[in-house]
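Q: Please take a close look at one part of this model for me, and go through it slowly. I would like to know how its pieces are joined to one another.

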Amino acid sequence: MLDKLKELDLRAQALEAQLSAPETYNDPALVTRLNREQRELEPVVTAYRNLERRKADLTGAEELMGDPELADMAKEEYAQAKKDIEALEQELKILLLPKDPNDGKNVIVEIRAGVGGEEAALFAHSLHRMYSMYAESKGWKVDLVSLSETELGGVKELSMVIEGDGVYSRLKFESGVHRVQRVPETESGGRIHTSTATVAVLPEMEEVDVQLNPADIEMQVFRSSGAGGQHVNKTSSAVRLIHKPTGTVVECQQERSQFQNRDKAMRILASKLYEAEQERVNSEFENQRRSQVGSGMRNERIRTYNFPQGRVTDHRIGLTLYKIEAIMDGDLDELIDSLVTANQAERLKAGEEA
């Protein structure tokens, strides 16, 4: 590990020198690439340099232990340096784990009402609000692609694109079945109902990321049935794409122009086909030990939102938080941080056992 860290440190120094050279800025594309690489290296190199500094502090403290006047202070510094070194070594192990190539991508989030009728649709609406508020707190952009609502304001199904730095790395653990337990507003007897909604999170792919043959895609246009005013409803601006080899269907109707809807639908289609291929590849290894976190299986009940008890429980890691109102208002970081940490621990364990 140390040899690799030394190489990364040398590369970081080379990047610093290259970015300091005036001639570098004659090529804007090169500057962008170098800055991106520097940002990616920065956490690892910073931790490595801190590690080397604390190792030197440890050696210095050890040497001072022989001085009667400084022995007590040296022992304290030695113990703290040793503790810091252990923490930095653990941090570096995590930072050096192979990166998910999709972590930096935008995402497509699909939410569908599951079991529970109108209450399931209202819960799907609540999940849409929760993720939208979380995205807003992160400064991400939310773009609704398609929406099918019920008469009471519930959501039968919707698709939205969330754009921002590292969106997929934060939301990829949200895929699965979400369960709600609460008393519906229409329930006069005060009985608790259990309903579900499914969430799918796909990394957004460009057409160039997936091989798409135009001959395999049938495009249909139709009038939008959702909100958007007279213009949207009176013109055939909504687009439906059908991928004939797989039967995959994608619709986009939120934009005002047919071209914009087609462009967005093509990106979603590419993402769906990418996900299908990934699932096919993963299924070949289904008998191997699988991580409990991040498997993304649609039929897993990943989380329960119990309103009467004010709790949210993530079943994959056994975490229960009694802050349901805050979570439904988009305060998801504690949940997501715990899932990320559990995933890292599982990957570290897998690496040690390999």
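A: Happily: here is a walk through the sheet, starting with its overall layout and then moving to individual pairings.

First, a word on the ground rules. This is a predicted model, in which local features need pLDDT of at least 70, side-chain atom pairs count only at pLDDT 80 or more, and totals for chains, interfaces and linings use all residues. Residues are numbered from 1 along each chain as its sequence is written, and side-chain values use heavy atoms, with hydrogens and water left out.

The sheet is open and has eight strands, in the order β2-β3-β1-β5-β4-β9-β10-β11, with mixed pairing. At its edges lie β2 (141–149) and β11 (319–321), each of which pairs on one side only. On average, neighbouring strands are turned by 15° against each other, direction ignored; axes here are lines fitted to C-alpha atoms, and angles between N-to-C directions run from 0 to 180 degrees. A strand is a DSSP run of E with at least two residues, numbered from the N terminus. Two strands count as paired if DSSP finds at least two bridges between them. Strands of a sheet pair through backbone hydrogen bonds, either parallel or antiparallel.

Now let us settle on β1 (residues 107–113), which has β3 and β5 beside it in the strand order. Five of the seven residues of β1 are buried, so this strand is largely enclosed by the rest of the structure. Buried means under 20% relative accessible area, against over 50% for exposed and in between for partly exposed (1.4 Å probe, protein chains only).

On one side, β1 runs antiparallel to β3 (residues 155–163), and six bridges join the two. You can find this pairing at Ile108, which stands opposite Val161 of β3. On the other side comes β5 (residues 193–203), again in the antiparallel sense, with seven bridges to β1. To follow that pairing, look at Ala113: its bridge partner in β5 is Ala197.

Further along the strand order, β9 and β10 are neighbours too. Four bridges link β9 (residues 301–306) with β10 (residues 311–314), and their pairing is antiparallel. Asn306 of β9 faces its opposite number in β10, Arg311. From β10, the strand order then ends at β11, one of the two edge strands.
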